[in-house]
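Hello,

Here is the structure I promised to pass on. Please open it alongside this email. My notes follow below.

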Amino acid sequence: MTAFTERELAEQFNRRLRRVVLMLRRESADQPITSQQLSVLGSLEHGPRRMTELAAEHGVRLPTMTAQINRLERDGLVERGRDGSDARVVTVRLTGHGRGLLDAGRERRIGFLAERFAGLTDEERATVAAALPALDKLLASP
């Protein structure tokens, strides 16, 4: 196995990450919502969130998140509300329909990935599994 410098490893990881993202986008291209919308719904699965929190989590400006939430609200997937401690703060929560699409989208994605993993050898799956703790550490918020 070739040893990589941190820079080389970052380049290789970036290439593969891009391929994973594109593969998953292609897989969900025929779905009723985009992968970005699915990601926003996933951010809401544990309860209402402030618009500013959502924008920060997704690395976008508040107007961009507002436009995304407008579309999701128009489609009945989220509802806006107000923060109980500060009525000026806008919150967003999943609707039942939004939860259903989130669950269906996640199940489809997991099923797709499970099929891909089935094409690997036991040793290759074990290698991927062994890398998960390192990926968790790498992807943890600083």
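Where is Glu-11 found? Glu-11 sits in helix α1. Before going further, note that this is a predicted model. Glu-11 is partly exposed, because its relative accessible area is 34%, and the cut-offs for that class are 20% and 50%. Pro-133 lies 122 residues from Glu-11 along the chain. The C-alpha atoms of Glu-11 and Pro-133 are 20 Å apart.

Now the helix packing.

Helix α2 covers residues 35-43, and helix α4 covers residues 62-74. Their axes are 11 Å apart. The angle between α2 and α4 is about 90°. That angle falls in the 65 to 115 degree range, so α2 is roughly perpendicular to α4.

Which residues make the contact between α2 and α4? From α2 come Gln-36, Gln-37, Val-40 and Leu-41. From α4 come Met-65, Gln-68, Ile-69, Arg-71 and Leu-72. Sorted by class, the contact of α2 with α4 holds five nonpolar residues, three polar and one charged.

Leu-72 deserves a look of its own. Setting aside residues up to four places away in sequence, Leu-72 touches Gln-37, Val-40 and Leu-41. Leu-72 also touches Leu-77 and Val-78.

Next, the core.

The largest nonpolar core has 17 residues. Which of them touch the most other members? They are Leu-41, Met-65, Ile-69, Leu-72, Val-78 and Val-92. Several elements give two or more residues to this core: α2, α3 (51-58), α4, β3 (86-94) and α5 (96-118).

Two residues of strand β3 are worth clicking on.

Leu-94 is in strand β3. Is Leu-94 buried or exposed? Its relative accessibility is 9%, so Leu-94 counts as buried. Leaving out residues up to four places away in sequence, Leu-94 touches Leu-41, Leu-44, Glu-45, Leu-77 and Val-78. Arg-99 and Leu-102 are also touched by Leu-94. Thr-52 is 42 residues from Leu-94 in sequence. Between Leu-94 and Thr-52 the C-alpha separation is 16 Å.

Thr-91 is in strand β3 too. Thr-91 counts as buried because its relative accessibility is 11%. With neighbours within four places in sequence left aside, Thr-91 is in contact with Pro-48, Arg-49 and Arg-50. Thr-91 is also in contact with Glu-79, Arg-80, Gly-81, Arg-82 and Asp-83. His-46 is 45 residues from Thr-91 along the chain, and their C-alpha atoms are separated by 13 Å.

Last, helix α5.

How many residues does α5 have? It has 23. From its first C-alpha to its last, α5 reaches 33 Å, close to the 33 Å expected at 1.5 Å a residue. The buried residues of α5 are Gly-98, Leu-101, Leu-102, Gly-105 and Phe-112. What covers them includes α1 (6-27), α2 and β3.

Arg-99 also belongs to α5. Arg-99 counts as partly exposed because its relative accessibility is 31%. Beyond its neighbours within four places in sequence, Arg-99 is in contact with Glu-45 and Leu-94. Glu-45 and Arg-99 are 54 residues apart in sequence. In space, their C-alpha atoms are 7.4 Å apart.

Best wishes

How values were computed. Residues numbered from 1 in each chain as written. Predicted model: local features only at pLDDT ≥ 70, side-chain atom pairs only at ≥ 80, totals over all residues. Heavy atoms only, no water. Axes fitted to C-alpha atoms, helices over the stretch in contact; angles between N-to-C directions. Helix = DSSP H or I, 4+ residues; strand = E, 2+ residues; numbered from the N terminus. Parallel < 35°, antiparallel > 145°, perpendicular 65-115°, else oblique. Contact = heavy atoms within 4.5 Å. Nonpolar A, V, L, I, M, F, W, Y, C, P; charged D, E, K, R; others polar. Core = buried A, V, L, I, M, F, W, Y, C linked by side-chain atoms within 4.5 Å. Buried < 20%, exposed > 50% of the residue type's maximum accessible area, 1.4 Å probe, protein only. Expected span 1.5 Å × (residues − 1).
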